[in-house]
Amino acid sequence: MKTKRTILCGVFAVILALTFTACDDGSGGGTFVAVTNITGVPATATAGTVLTLTGTVEPARATNKTIVWSVISGSAAISGNILNAPAAGTVIVRATITNGTARGTNYTKDFIITVNGGGNTHTHTYSTTWSYDATQHWKECTANDGAKTDVANHTGDPCNDCGYDSTATPVTFSSVTANGSSTATTTTLTLTFSDAIAGLSANDIALSGVAGVSKGTLGGTGPTYTLPISGFTAGGTLSVAVSKTGYNLRDSPKSVTIYYTDGWTWTGITIPPYYNFQVDSAINSNAIAYGDGTWVAVGYSQYDDVYFFTMVYSADNGET
Ligand SMILES: [Zn+2]
Ligand SMILES: [Zn+2]
């Protein structure tokens with residue numbers, strides 16, 4: 001890893017292709033091996049709970065093995081390899097491997113996924129912080145499914161329960177986004193408000209819904225702020241609640257998907273991080289991201305036990 005970082009420090013937007021030497025094979029060329037099947041794809045999902053789509057590409061030495069997922073029937077959305085079906089029913093997803101059948105011919109296979117009702121399996125977990133408008137307060141489910149509890153009118157001004165103060169400055173919590181992806185751990189949340197909030201700090205932000213998340217130092221002067229997060233060992237839906245004395249925060253809490261990965265993971269292949277690489281030639285064009293967020297692989301291929309990556313160095317995160 002030291003070798004890699006030393007060589008690559010300071011390089012910007014350089015397109016490289018990297019050879020991963022898992023064994024001493026050394027064969028750089030190789031004959032095209034077509035995909036013949038994809039197996040092991042999940043057959044069931046739960047409404048309202050994300051499902052990670054995985055599949056085993058056969059044969060193992062197929063030249064191109066990166067699956068791109070899409071929904072072709074049913075009520076569901078796919079982001080990367082994360083399927084989110086909001087309601088019970090049947091969803092048909094399609095797995096496409098670019099140039100999987102031959103160079104210039106994609107391999108596709110469709111899979112039926114039965115989505116079971118979420119009503120029997122999801123137990124609402126309510127935020128510990130209040131949400132409110134000008135007349136009422138309530139607590140929202142951290143899964144951001146619209147469920148509310150403890151709905152009641154304010155009990156004073158300022159409210160004895162939620163702290164709503166009709167004379168405080170109204171600010172809307174406009175959005176929260178997270179970096180990261182199914183192959184890159186989230187490191188930063190970006191919070192945007194309708195206006196800057198004087199003196200806002202990480203202590204004014206409560207995170208729940210994902211175990212082990214710890215906060216760094218809030219950055220920015222508003223209305224957009226960045227909050228580093230770390231410490232979690234699994235991704236999920238993170239609820240972000242903001243409160244600040246002197247402000248009435250509207251539309252808080254909000255939810256965002258965060259990601260966790262512990263290495264290089266592609267469908268059917270897991271490669272540990274921090275291997276040494278050699279420069280080689282470009283291969284294909286499926287977008288994936290390197291674990292620390294500074295490298296973006298735009299393609300890979302495999303010949304026997306040698307992996308070829310096409311990499312773009314997109315930013316220097318200051319790591320030494
Ligand atoms: Zn819920
Ligand atoms: Zn209240």
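In what order do the three strands of the open sheet with antiparallel pairing stand? In this predicted model, the order to trace in the viewer is E16-E19-E21. Select strand E16 (205-208) and strand E21 (254-258) to begin with: each has a single partner strand and stands at an edge, so one side of each is left without a neighbour in the sheet. If you then look along the sheet, neighbouring strands are turned by 30° against each other on average, direction ignored.

Next, select strand E19, residues 236-242, together with E21, and you will find the two running antiparallel and joined by five bridges. A pair to pick out here is glycine 236, which stands opposite isoleucine 258 in E21.

Now move to strand E18, which covers residues 224-230, and show its side chains. In a regular strand the side chains alternate between the two faces of the sheet. Along E18, Tyr225, Leu227 and Ile229 point to one face and are buried, whereas Thr224, Thr226, Pro228 and Ser230 point to the other face and are not buried.

With E18 still selected, add strand E15 (residues 188-193), which pairs with E18 in the antiparallel sense over five bridges. Within this pairing, look for threonine 192, which stands opposite threonine 224 in E18.

Finally, add strand E17, made up of residues 214-215, which also pairs with E18 in the antiparallel sense, here over two bridges. The place to stop is serine 214, which faces serine 230 of E18 as its opposite residue.

Methods
Residues numbered from 1 in each chain as written. Chains lettered and ligands numbered in written order. Predicted model: local features only at pLDDT ≥ 70, side-chain atom pairs only at ≥ 80, totals over all residues. Buried ≥ 20, exposed ≤ 12 C-beta atoms within 10 Å, placed from the backbone. Helix = DSSP H or I, 4+ residues; strand = E, 2+ residues; numbered from the N terminus. Pairing = 2+ DSSP bridges. Axes fitted to C-alpha atoms, helices over the stretch in contact; angles between N-to-C directions.
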